[in-house]
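Me: I have a structure here and would like to talk it through with you. Could we go over it question by question?

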Amino acid sequence: MTAMEFNYQLTGLSGKLKNYAYSLTLNVEDSHDLLQETFFKALKYRDKFIEPMNLKSWAYTIMKNTFINNYRRAVKSRTIIDSTKELYYINIPQNSGFSSPDSSYSANELRNGIEKLKKEFKVPFKMHIEGYKYKEIAEELNLPIGSVKSRIFFAREKLMSSLKEYKP
C-alpha cells in the first residue's frame, strides 16, 4: 500500500475513530486529542502496518492502547488541574510523613482486629495484604486456591463486622 492510499484510508476512518475516542474519554476535547495522537502514531508507525491486516482494527488498537497508557500515566502522576484562570498544575503530595491521631488510631484498631482473627484466617489475610498473590499463598500454605480466596474473604467480613464503628 502506498503512502497516499494509507493516508486516504486512515482519514476515511476519522468519523468512526472520533466516535470511539469519545466513547473512551467521554469528553469532547480529550477525544480530539486522542484522535490526533492516534493519527500521529499511525502515520509514524506506518511501516509496522502489514498489508493483509485490517487498517480499521489496527487504528482502533492504537487508539485503545494510547488511551490506556495516558490513563495509567495520569493515575501515576496524580496531577489535578486547578480551575483558576491561569490553570496551574498542582501535584498532590504523596505522603507528608505526618499521620493524624485519627489515622494512627484506626491503623492500631485494624492491626488489633487482624490479630484477633483465627489463625486459619489471619495467616492468609496477612500474606494477602503484604502483597502475595492467591496462588503464592496457596502454595506456601499447601491449600487449594479456592480455600485461600474464601479465607481471605471471610477474614475481611469478620474484620469489617468487628470494626463497624469505622464504616463511613
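Me: Happy to start with a loop residue. Is asparagine 142 buried or exposed?

Reply: Keep in mind that this is a predicted model. Asparagine 142 has a relative accessible area of 70%, and the cut-off for the upper class is over 50%. With that value, asparagine 142 is exposed.

Me: Where does asparagine 142 lie, and what is its phi?

Reply: Asparagine 142 sits in the loop that links helix 7 (134-141) with helix 8. Most residues other than glycine have a negative phi. Asparagine 142 has a positive one, near 55°.

Me: Leucine 26 also has a positive phi. Which elements flank leucine 26, and what is its phi?

Reply: Leucine 26 belongs to the loop between helix 2 (14-25) and helix 3. Its relative accessible area is 62%, so leucine 26 is exposed. The phi of leucine 26 is positive although the residue is not glycine, with a value near 60°.

Me: Which residues make a nonpolar surface patch with Leu26, and what is the area of the patch?

Reply: Leu26 shares the patch with Tyr22 and Val28. Valine 28 is placed in helix 3 (residues 28-44), and its relative accessibility of 44% makes it partly exposed. A patch member needs over 30% relative accessible area, and valine 28 has 44%. The nonpolar patch of Tyr22, Leu26 and Val28 covers about 310 Å².

Me: Staying with helix 3, which residues does glutamate 37 touch, not counting residues up to four places away in sequence?

Reply: Glutamate 37 is in helix 3 and is partly exposed, at 28% relative accessibility. Its C-alpha atom is 8.0 Å from that of methionine 63, a residue 26 places away along the chain. Leaving out residues up to four places away in sequence, glutamate 37 touches Thr66 and Asn70.

Me: Then let's look from the other side. Is threonine 66 buried or exposed, and which residues does threonine 66 touch?

Reply: Threonine 66 has its place in helix 4 (residues 55-77). The cut-off for buried is under 20% relative accessible area; threonine 66 has 2% and is therefore buried. Not counting residues up to four places away in sequence, threonine 66 touches Leu34, Glu37 and Lys41.

Me: Now for charges. How many salt bridges does a search of the whole structure find?

Reply: Side chains of opposite charge can pair when their charged atoms come close. One pair here is glutamate 115 with lysine 122, whose closest N and O atoms are 3.5 Å apart. Another is lysine 126 with glutamate 115, at 2.8 Å from N to O. Searching the whole structure gives a total of two.

Me: Which helices hold lysine 126 and glutamate 115, and which residues form one network?

Reply: Lysine 126 is in helix 6 and glutamate 115 in helix 5 (residues 101-115), so their pairing ties together parts eleven residues apart in sequence. Salt bridges with shared partners make one network of Glu115, Lys122 and Lys126.

Me: Within that trio, which residue is buried?

Reply: Glutamate 115 is partly exposed, with a relative accessible area of 42%. Lysine 126 is partly exposed as well, at 31%. A relative accessible area under 20% counts as buried. At 18%, the buried residue is lysine 122.

Me: How are helix 6 and helix 8 arranged, roughly parallel or roughly perpendicular?

Reply: The axes of helix 6 (residues 119-129) and helix 8 (residues 145-162) come within 8 Å and cross at roughly 100°. Angles of 65 to 115 degrees fall in one class, so helix 6 and helix 8 are roughly perpendicular.

Me: Which residues of helix 6 make the contact with helix 8?

Reply: On the helix 8 side, the contact involves Arg151, Ile152, Phe154, Ala155, Arg156, Lys158 and Leu159. Facing them from helix 6 are Glu120, Phe121, Pro124, Phe125 and His128.

Me: Let's finish with the whole chain. In what order do its elements run?

Reply: The chain has eight helices and two strands. Of its 168 residues, 20% are buried, and its accessible surface is about 12,700 Å², with 55% belonging to carbon and sulfur atoms. Starting at the N terminus, the order is α-α-α-α-β-β-α-α-α-α.

Notes. Residues are numbered from 1 along each chain as its sequence is written. This is a predicted model: local features need pLDDT of at least 70, side-chain atom pairs count only at pLDDT 80 or more; totals for chains, interfaces and linings use all residues. Side-chain values use heavy atoms; hydrogens and water are left out. Patches are made of residues with over 30% relative accessible area and no salt bridge: like charges are joined within 9 Å, nonpolar side chains (Val, Leu, Ile, Met, Phe, Trp, Tyr) within 5 Å. Accessible areas come from the Shrake-Rupley method with a 1.4 Å probe; for residues, only the protein chains shown count as cover. A salt bridge is a side-chain nitrogen of Lys or Arg within 4 Å of a carboxyl oxygen of Asp or Glu. Helices (H or I, at least four residues) and strands (E, at least two) are DSSP runs, numbered from the N terminus. Buried means under 20% relative accessible area, exposed over 50%, partly exposed in between (1.4 Å probe, protein chains only). Axes are lines fitted to C-alpha atoms, for helices over the stretch in contact, and angles run from 0 to 180 degrees between N-to-C directions. Angles under 35 degrees count as roughly parallel, over 145 as roughly antiparallel, 65 to 115 as roughly perpendicular and the rest as oblique. Contact means heavy atoms within 4.5 Å.
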